[in-house]
Amino acid sequence: MAKNPYIILGVSLSASDGEIRTAFRNLAKQYHPDRNPDNPAAEEKFKEVSRAFDILGDSDRRRKYDRGEIDAEGKPADPFARQYGGREGAAERARQQRTPFGQNRSKGAARPGGPSAGASFDDLSDIFSDLFGNPKPRAQTRGRDVRYRMDVDFLDAVHGATKRVTMPDGRVLDLTIPPGLEDEQTLRLRGQGEPGEAGGEDGDVYVETRIKSHTVFTRDGHDIHAEVSISLREAVMGGKITVPTIGGDVSVNVPKGANSGTTLRLRGRGAPAGDAQDAGDQYVKLRIVLPEKLDPALQDFVANWDTGKEHNPRRTPQNADVSS
């Protein structure tokens, strides 16, 4: 038998909706499977807390539980439990004890010996109607939507992936990350939210994604950017170098006389943009890096390099006339 949801959440019978939500958030954060990997006890506690909030977090379901109409699992309670359970049960039992069992409440006439000693079928119907109530058809209600936030690896967002997420109620869902996912894009899982009532459609799950940063790549829309170091010789003489891309290493040509800041464009090697054939580009920015220990021969060459003495990389046509 499921435990009393008030006890599970550690709140009083008179707790406000805010107090219930606060208690649930604290417990859900404490026992969430993502914070307690490989801990079956914490996972079971998380499910128990979620079931309790499923009852007390909904004002209509909470009232039904308090009246004894549903049990701690949200299932319809035994008819006698509906009559005598919940917070109103004590008062109801006292009222029943003050009323002789053989009395027809609708007419106020007592029948000595109880209903079997002369009660008509209609009288029995009145008694059972009073005990079990006259069920009224419930209006269809759509289930509540559930919102979730999830971090996504940079390359998973680019290439697409399938991730498993644990929902607040303990369910595990497979979420498809589409290729080319953008930061803060919201994914929708139709019909995976809370169940509807009386045949109403189930709610949806909305997952807001946040893309993690990468140590090599950055992203601008569907274009990918990376910075690659080259040697002085490669900058002067040019040649082939290997650069990383989101699809693996590729060989590119460095033009002779390349400078730091020279950017090479690799067409179609960016993130997918809807159609797999319509992808962004990758831009490789070159950065000249000198050896940690300078070669004396190189120092002698530069010291006696007359053309190099005349070259001022900070002097451009735009700032040539700017005084120092």
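**Exercise 1.** Find the residue in strand 7 that stands opposite Thr218.

*Solution.* Look across from Thr218 and you land on His225 in strand 7. Strands here are DSSP runs of E with at least two residues, helices are H or I runs of at least four, and both are numbered from the N terminus. Before going on, note that this is a predicted model, where local features need pLDDT of at least 70, side-chain atom pairs count only at pLDDT 80 or more, and totals for chains, interfaces and linings use all residues. Residues are numbered from 1 along each chain as its sequence is written, and side-chain values use heavy atoms, with hydrogens and water left out.

**Exercise 2.** Work out how strand 6 and strand 7 pair, then place them in their sheet.

*Solution.* Step one: strand 7 covers residues 223–230 and pairs with strand 6 in the antiparallel sense, over three bridges. (Two strands pair if DSSP finds at least two bridges between them.) Step two: the open sheet has four strands in the order 6-7-13-10, with mixed pairing. Step three: strand 6 (218–220) and strand 10 (263–266) are the edges, each pairing on one side only.

**Exercise 3.** Say which helix gives the largest share of the lining of the second largest pocket, and sort that lining by residue type.

*Solution.* A pocket is an open set of points on a 1 Å grid over the protein atoms alone, where a 1.4 Å probe fits, with protein on both sides within 12 Å along at least five of seven lines; lining residues have an atom within 4 Å of a point. First, helix 9 gives five residues, the largest share. Next, the lining splits into twelve nonpolar, six polar and one charged. (Ala, Val, Leu, Ile, Met, Phe, Trp, Tyr, Cys and Pro count as nonpolar, Asp, Glu, Lys and Arg as charged, and the others, Gly among them, as polar.)
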